Amino acid sequence: MDQRKRYDLFPSKVVLTRGEVSGAELLLSQKPLQITTDEPACTLLSNGESGEKAEVILDFGRELNGSPRLLTHVTSGMKNVKVRIVLGESVSETMSTVGEKGATNDHAIRDFETFICPFSDMTYPESGFRFVRIILEEPNSSLRIKALSAVEIVRDIPYLGSFECDSELLNRIYSTAAYTCRNCMQQFIWDGIKRDRLVWVGDMHPEMLTVRTVFGPQQVFEDSLDFMRDQTPLSGWMNGMPSYSLWWLIMVWDWYFYTGSTAFLEKNREYALELARKIEALVDETGEDHLPGYFLDWPSHETPWEKAGTRALMALCLRKTSLLAGVCGDVMLAGDCLAKAELICATALDTHGAKQVEAFAALSGWSDTVTAGKNILSGGAKGFSTFMSYYLFTVAARADAPGAIEVLKEYYGAMLSMGATTFWEDFNIDWMENAAPIDAPVPEGKSDIHGDNGAFCYIGLRHSLCHGWSSAVTAFLAETVLGITIAEPGCKKLILRPDLCGMTFARGTYPTPHGVVNVSHTATPDGIKTEYSAPEGVEIEIVS
C-alpha cells in the first residue's frame, strides 16, 4: 500500500521566457485546477514561421519529488500540438538536452516530448525536480495554458525533531537536511529522487540517523531493511557489494538500540547471525581479511586507501555485531566477532591522509580519536563529502567541536549559498570558485556548479541535488551541540552532554519510542544551564 500523499504546488517564479510568450506571470497564480470552456487568464505560447520556439522556465521554489501537471485550455486549430517538457534540479539542467554535460533520463524520465490536446489535464512522469521548462515545438502553432503545477508526492509525516541556536546558518542547515531526507522517504528509503531512486543499503545509514533524529520510529525504514534482506540470499552481498552487507548489520544494531523493539530484532535474528558468521569467518588469525571486494565511498574508490577504509568499516561492523549477537543470546558468536575486530585493529594502519579513512579508523577503535579529528579538520572543508559528513564531523568534534561546527558552516553553507533547497549527492568546496548558483541561467564566464563538476557515477548534470545520505548532519547537531546520546536500548536512558561551541544557546527536540524529549541549553558565566522535559519511560542524565 502506497502511504504517500499528493499535493499540488504552484510555481513561485518565472525564471525566463523565450520566443512569443504572453502572460507568463499568470502561471504563478493559484487557480482551481479544473478546465472549463471559458478561461480568460491563460498563458499563451505561440510559434510562427521563424523557427524560434516559445518556451518558459518556472521555479517551484524548492526541490520536490513529483510530477508536472499541465492544464491546457485550447490549442491552435483545436488540434494536438507537440511540446517538450524538461525537469531540472537546476536551471542549467532544464536548459540542457540528454547527453549534454551528463544530462540523463536515468531512473526517471525528466526530458521528453509529448502531445497536448485542448481542454486537457495531464500529469506526466515522476522525478525529482525544482524547475520545469515547457517548449512549444511545432511551427505555426499556439497553446493556451491555464496552469502548470507540480504534483508533490511525499510522506505526510511531522518533523518531531528540531534544532535552534543563535546561528541562523546552522538552523537552515538542520532544516534543509531534514527536508532532504523526507523527500527520499518514498515507498522505501531512496538514495535520491531524480537519479538513484533505489534502495542502496550502505547509503541508508546516514538516512537512518536522520530518520530517528527527526521523524522517530518509521516503518518505512524497517521495510527498506526487510526488502534488501529478502532480495539478498546469504550466498550474495547486498547491492552486490560486501561493504553494504556490513552496513546492513550496523543498521540492524543501531535501529534496535534506538527502538528497543524485540519484534524487529526477532524478524532479523536468523539472517543477521548467519551473515555475522559469514563475515567473521573472513578474518584470519593475523587480522587480515578475505573480503571479495572493497568499497567505502566513491572518492576513495580504486585508491590505495580504499582497502584500509573498508577494513575499518569491517571492524566497526564486527564490534556492533558482537553486541547484536550478545542480545540475541549467541555468546560464542559475540566473542568471536569482538576478537576479530580486535585482530583487524592490531594490524598496521595507513590512512594515506584520507579524511574518511581517518574517521572510520577512529570510530572502529583502530586509531586515536583526537589525532584523527585534528587530521580531519586540517585544511577545513577540503576532502569532505556529503556521504561521509556525519562520520567526519563526529570524529572531528571529539578533537575540536567549535572547529567542526565552523567547517560544517563552510561546507553545507556553501551549498545553500548556491541556491540549494536540498543537499547534494556530493560537494567539493573547490567547486565554489567562480560558480553561478543553480537557480538562474549560468552567465557568460561563470562556472556551472551543477553541469561542470562531479565524478564517478555523478558526472555533470547526472549529479543528484537531493540525496538522502547528505542529511545526517541533523544527527551530528543533535548529538554534539544538544549533546544527546542514547545510553540504553529503546532510548530508556539518554545522556545530555551539550557543547554550545561558543554559541549563547541551543534548544531542540528529539523523538524517542516513548515520545518527544525537549532540551534547552543556555550559556551562563558559570557554565551551561540545561533544562529538559522527557516522556515517561525516558531517564535523563546530565553530564557536564
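W190 is placed in the loop between α2 and α3, where helices (H or I, at least four residues) and strands (E, at least two) are DSSP runs numbered from the N terminus. The model is predicted, so that local features need pLDDT of at least 70 and side-chain atom pairs count only at pLDDT 80 or more, while totals for chains, interfaces and linings use all residues. Residues are numbered from 1 along each chain as its sequence is written, and side-chain values use heavy atoms, with hydrogens and water left out.

**W190 and helix α3**

With a relative accessibility of 8%, W190 counts as buried; buried means under 20% relative accessible area, exposed over 50% and partly exposed in between, for a 1.4 Å probe and protein chains only. Apart from neighbours within four places in sequence, W190 is in contact with R4, N65, E126, C184, D196, R197, L198 and E207, contact being heavy atoms within 4.5 Å. The C-alpha atoms of W190 and H467 are 8.3 Å apart in space, although the two residues are 277 apart in sequence.

E207, one of the residues in contact with W190, is also the centre of a kink of about 30 degrees in α3. The bend at a residue is the angle between axes fitted to the seven residues ending there and the seven starting there. Helix α3 covers residues 201-215, and its 15 residues reach 19 Å from first C-alpha to last, close to the expected 21 Å; the expected span is 1.5 Å times one less than the number of residues. The helix is mostly covered, with 15 of its 15 residues buried. G216 follows α3 and has a positive phi, near 80 degrees.

**Helix α12**

Helix α12 (residues 473-480) is likewise mostly covered, seven of its eight residues being buried. These are V473, T474, A475, F476, L477, A478 and T480. The buried residues of α12 pack against α3, and also against β11 (162-165), α2 (168-184), α11, β14 (484-486) and β16 (505-512).

**The α6 and α8 pair**

The axes of α6 (residues 262-280) and α8 (residues 331-345) come within 10 Å and cross at roughly 40 degrees. Here axes are lines fitted to C-alpha atoms, for helices over the stretch in contact, and angles run from 0 to 180 degrees between N-to-C directions. On the α6 side the contact is made by L273, A276, R277 and E280, and on the α8 side by L333, D336, C337 and K340. By class, this contact of α6 with α8 has four nonpolar, no polar and four charged residues. Ala, Val, Leu, Ile, Met, Phe, Trp, Tyr, Cys and Pro count as nonpolar, Asp, Glu, Lys and Arg as charged, and the others, Gly among them, as polar.

**Loop residues**

Most residues other than glycine have a negative phi. N140 and N434 are listed below with their positive phi values.

| Residue | Phi | Loop | Relative accessible area |
|---|---|---|---|
| N140 | about 50 degrees | between β9 (127-136) and β10 (141-154) | 47%, partly exposed |
| N434 | near 60 degrees | between α11 and β12 (435-436) | 40%, partly exposed |

K382 is found in the loop between α10 (369-377) and α11 (389-417). K382 is partly exposed, at a relative accessible area of 46%. Its contacts, leaving aside neighbours within four places in sequence, are K355, I429 and D430. K382 and D430 stand 48 residues apart in sequence and 7.6 Å apart in space, C-alpha to C-alpha.
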